[in-house]
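Visitor: I have a structure to look at, and I would like to know what stands behind the words used for it. Can you take me through it?

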There are 2 protein chains.
Amino acid sequence: MAEAQAEETEREEEDYRLDGELVEAILDATEQEDAARLSELLEPLHAADIADLLEQISGHERRAILRLWGREIDGEILTEIDEGIREEVLASLPPDVLADAVRELDSDDVVDLIEDLEEPQQEAILDALDEPDRVAVEKSLAYPEYSAGRLMQREVVTAPEHWTVGETIDFLRKAEWLPDQFYHVTLVDPGHHPIGNVTLGRILSAPRASKLVDICEDEFRTISAYQDEGDVAYAFNQYHLISAPVVDEDDRLVGVITIDDAMSVLDEEHEEDILRLAGVGEESSISDTVLETVRQRLPWLFVNLLTAILASAVIAVFEGTIQKLVALAVLMPIVASMGGNAGTQTLTVAVRALATKNLTESNVWRVVRREVIVGMLNGLAFAVVMGVVASFWFSGAQLGVVIALAMLINLSVAAFAGILVPLTLEKVGADPALASGTFVTTVTDVVGFFSFLGLASLILL
Amino acid sequence: MAEAQAEETEREEEDYRLDGELVEAILDATEQEDAARLSELLEPLHAADIADLLEQISGHERRAILRLWGREIDGEILTEIDEGIREEVLASLPPDVLADAVRELDSDDVVDLIEDLEEPQQEAILDALDEPDRVAVEKSLAYPEYSAGRLMQREVVTAPEHWTVGETIDFLRKAEWLPDQFYHVTLVDPGHHPIGNVTLGRILSAPRASKLVDICEDEFRTISAYQDEGDVAYAFNQYHLISAPVVDEDDRLVGVITIDDAMSVLDEEHEEDILRLAGVGEESSISDTVLETVRQRLPWLFVNLLTAILASAVIAVFEGTIQKLVALAVLMPIVASMGGNAGTQTLTVAVRALATKNLTESNVWRVVRREVIVGMLNGLAFAVVMGVVASFWFSGAQLGVVIALAMLINLSVAAFAGILVPLTLEKVGADPALASGTFVTTVTDVVGFFSFLGLASLILL
């Protein structure tokens with residue numbers, strides 16, 4: 001049985017998804033209060049997978065597992081746990097278990113773990129740390145939220161600029177403590193300003209007598225501790241950085257950021273963008289309760305209700321027109337829907353281009369022009385199609401002309417709005433992903449209904 | 001002037017955006033055919049920034065720059081250039097420049113550069129490579145598109161399992177060639193099967209006599225060459241991998257994937273998801289021409305037109321009802337719009353949860369239940385609000401009841417569709433991001449119009 005289990009774990013690793021049968025077995029062991037079996041099942045799993053498991057099961061099951069197995073939890077698992085259930089899990093652990101777990105962690109992981117906790121819970125964890133670690137964490141917490149200072153690890157491997165490869169290796173062999181993972185030795189001058197990075201590969205392959213300054217990487221970038229973490233992730237991705245020194249206002253070395261942290265940030269930023277574009281609270285997760293979910297989504301739906309009522313008010317102006325020709329009521333949603341879709345296409349491309357810093361002064365007008373021409377061409381194409389369809393459907397060529405004109409107008413306006421709305425939001429310092437969709441579809445609904453019904457009352461009646 | 005320029009370049013690095021004035025200066029130099037000045041301006045820029053510049057300017061400007069400065073282009077810049085303009089840039093280079101540029105690259109970069117090119121262009125580049133490099137690239141190209149085999153670099157630093165730290169360092173010092181960046185020495189058995197990874201940090205800090213097998217990392221994961229690259233990126237992010245050995249069908253070592261490549265894939269996968277959700281061709285980029293853009297977007301708009309006509313057909317069934325009560329035409333878009341928004345919220349959360357492998361057998365029914373309950377609660381809330389608004393607006397309590405019921409029905413259905421559509425697409429092997437939006441809004445439009453107008457004709461007339 002234990003062997004069959006091991007085989008299953010193997011297979012599950014292949015597609016990196018939690019194996020349903022394994023989860024089943026874990027929940028079985030929990031229900032039977034079989035702590036030994038539970039440990040045996042959880043032990044081979046990676047911390048990130050255990051965290052996923054805790055997120056995916058129900059709150060009731062989670063509490064039962066933590067009761068039986070909580071004493072075995074370690075710091076790594078805690079840092080992997082989603083914010084949504086982190087407080088709950090931390091609160092459920094005995095204070096000594098929590099203290100032990102936290103003491104294993106690097107300073108950046110402790111910061112990540114506690115930065116969103118309430119004051120008392122934060123204090124309890126800080127108290128568990130040894131004095132130097134506590135100070136390090138508090139220093140990081142003094143940097144603004146979402147800054148490089150919060151993201152960085154304070155433990156950096158440095159060397160004076162005059163050292164040779166041999167001296168560096170001797171130093172590293174004697175070092176009492178080194179970070180788990182490090183990729184560079186950072187050269188610092190006497191004022192503790194970083195002046196270059198040497199990869200470990202070069203240190204290993206160069207003769208002992210080589211000077212570190214002679215084998216530095218050509219590319220050297222430092223990151224300000226106040227830099228936004230999204231920009232840090234961008235820089236890692238853009239410049240293929242592996243680790244980069246972080247400096248304070250005086251360009252003094254205060255920490256290091258490694259690519260795995262930058263990758264997590266990139267992933268989170270994307271998640272936020274995608275959820276914001278859909279009008280979902282960016283913190284939403286699969287483990288949220290019904291009430292949390294309602295609380296996140298209701299405000300956006302309410303904003304949408306207001307804009308929908310605005311669009312309806314436009315229709316109300318033309319009640320008389322619709323009364324005379326009900327076909328208008330049948331056709332008007334098509335004009336609005338096409339505008340909404342075309343606008344969403346444009347704005348998504350614009351939001352992405354802004355996020356990847358590909359929409360700049362140098363090309364903004366060319367991109368705006370391209371979008372508007374594309375909008376007009378698409379508008380023209382669908383004007384012809386819908387004109388013909390409507391003419392036959394309601395046997396009236398004039399109705400066809402009206403919907404064709406409205407389609408052309410609305411798809412052109414959709415392109416304009418789709419690019420100008422995110423650009424404007426960016427300009428005023430707002431997140432272009434956040435409210436663009438609502439603005440744009442409001443414009444396309446209002447313009448769609450107004451142009452179609454307005455033209456109809458001018459031409460048809 | 002040169003100094004002022006240097007200062008500007010400094011400032012630009014801070015927010016990682018191409019500086020408008022620098023771009024201006026580059027275009028000026030190009031227009032004046034001042035090749036020396038152009039070189040001087042481009043030389044300090046990172047390859048990725050030069051690639052961004054070439055993408056952001058117009059085709060005319062790009063051709064002018066490449067004419068003046070093309071001989072200085074290097075392999076790194078080529079790999080950074082977006083697919084949209086890659087063929088054009090490659091075709092514009094003199095054959096000897098292209099050959100030199102390609103010869104500098106690691107095998108994975110060559111694969112990345114040429115895999116999407118047409119046969120003749122691909123052949124021309126392969127011919128420029130030395131025989132061993134050519135064979136390496138062709139071997140990688142034999143793996144399926146988007147597989148780990150295509151992503152990996154074939155150059156791996158390995159050591160036999162019995163080696164000590166000292167032997168390893170001596171070997172590395174004598175090695176004629178080492179990859180630019182490597183993070184592990186991979187231990188292999190006599191059959192060339194990878195059996196463990198040693199970080200360079202441990203090799204540097206351990207005594208010369210230590211055996212490599214004794215300082216291996218605890219966690220060791222190999223990746224199949226046939227693994228989908230999206231899953232590879234997921235594994236790197238989930239398990240905080242830095243580099244991982246790639247193995248063939250017989251578990252023999254064939255290459256290595258490093259985290260910077262995984263990060264690029266993660267970024268591309270996100271880009272695809274976000275563009276697919278918006279119904280934009282996933283290959284679209286800011287440097288596309290008008291015609292390419294129309295060609296990418298028109299098909300999706302056409303699908304949307306068909307579904308919009310379907311929804312209109314539903315309205316057409318109730319023409320008589322609307323004729324008797326035009327207020328219905330005014331209110332019906334509100335029901336449809338709210339359903340569309342609620343459905344989009346749910347489906348976005350579902351698509352993300354599927355992409356991050358957080359929606360599994362263990363929690364799927366709980367998540368479906370949560371979404372439907374959330375949909376009903378939101379439906380209830382907006383039923384009350386819209387019921388009251390409609391009653392006052394059109395002075396009719398019965399109309400209020402009709403819209404309230406329709407709202408409740410449509411928001412509940414929206415939640416159902418929002419979760420079941422992506423789940424079904426995933427089940428049948430399609431990308432849940434690809435067509436979910438269209439399916440879901442079709443459902444909410446049809447159900448919204450049908451329930452509202454249907455209830456109206458039952459209750460009001």
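Guide: We will take the two chains as a pair, then their interface, then two residues of one helix. Keep in mind that this is a predicted model.

Visitor: What makes chain A and chain B a pair related by a two-fold axis?

Guide: Look at the superposition. A rotation of 180 degrees, with 0.0 Å of shift along its axis, puts chain A on chain B, and the RMSD is 0.0 Å. The two copies are therefore related as by a two-fold rotation axis. The same surface serves both copies, since 100% of the contact residues of chain A recur in chain B.

Visitor: How many residues are in contact between the chains, and how much area do they bury?

Guide: On each side, 136 residues of one chain are in contact with 136 of the other. Chain A and chain B bury about 11,900 Å² between them, with 61% of it on carbon and sulfur atoms. Tyr16(A), Leu204(A) and Met263(A) lose the most area to chain B on the side of chain A. Together they make up 8% of what that side buries.

Visitor: Why is the meeting of Glu271(A) and Arg352(B) called a salt bridge?

Guide: The cut-off is 4 Å, from a side-chain nitrogen of Lys or Arg to a carboxyl oxygen of Asp or Glu. Here the N to O distance is 2.3 Å. That is within 4 Å, so the pair counts as a salt bridge. The count between chain A and chain B is six salt bridges. There are also 45 residue pairs in polar contact across the interface.

Visitor: Which helix gives the largest share of the side of chain A that touches chain B?

Guide: Helix 19 of chain A does, with 18 residues. By class, that side of chain A has 72 nonpolar, 35 polar and 29 charged residues.

Visitor: How do you know whether Thr346(A), in helix 19, is buried or exposed?

Guide: Compare its value with the cut-off. Buried means under 20% relative accessible area. Thr346(A) has 3% relative accessibility, so Thr346(A) counts as buried. Among its contacts beyond four places in sequence are Glu371(A) and, from the other chain, Arg297(B).

Visitor: And what makes Val351(A) buried?

Guide: The reasoning runs likewise. Val351(A) has 3% relative accessibility, under the 20% cut-off, so Val351(A) is buried. Val351(A) is found in helix 19, residues 327-355. Its contacts beyond four places in sequence include Leu277(A), Pro422(A) and Ser436(A). Val351(A) and Val421(A) are 70 residues apart in sequence and 9.8 Å apart in space, C-alpha to C-alpha.

Key: Residues numbered from 1 in each chain as written. Chains lettered and ligands numbered in written order. Predicted model: local features only at pLDDT ≥ 70, side-chain atom pairs only at ≥ 80, totals over all residues. Heavy atoms only, no water. Least-squares fit on C-alpha atoms with pLDDT ≥ 70 in both. Contact = heavy atoms within 4.5 Å. Helix = DSSP H or I, 4+ residues; strand = E, 2+ residues; numbered from the N terminus. Buried < 20%, exposed > 50% of the residue type's maximum accessible area, 1.4 Å probe, protein only. Buried area = accessible area lost by both parts, 1.4 Å probe. Polar contact = N/O pair within 3.5 Å; in protein donor to acceptor, adjacent residues only side chain to side chain. Nonpolar A, V, L, I, M, F, W, Y, C, P; charged D, E, K, R; others polar.
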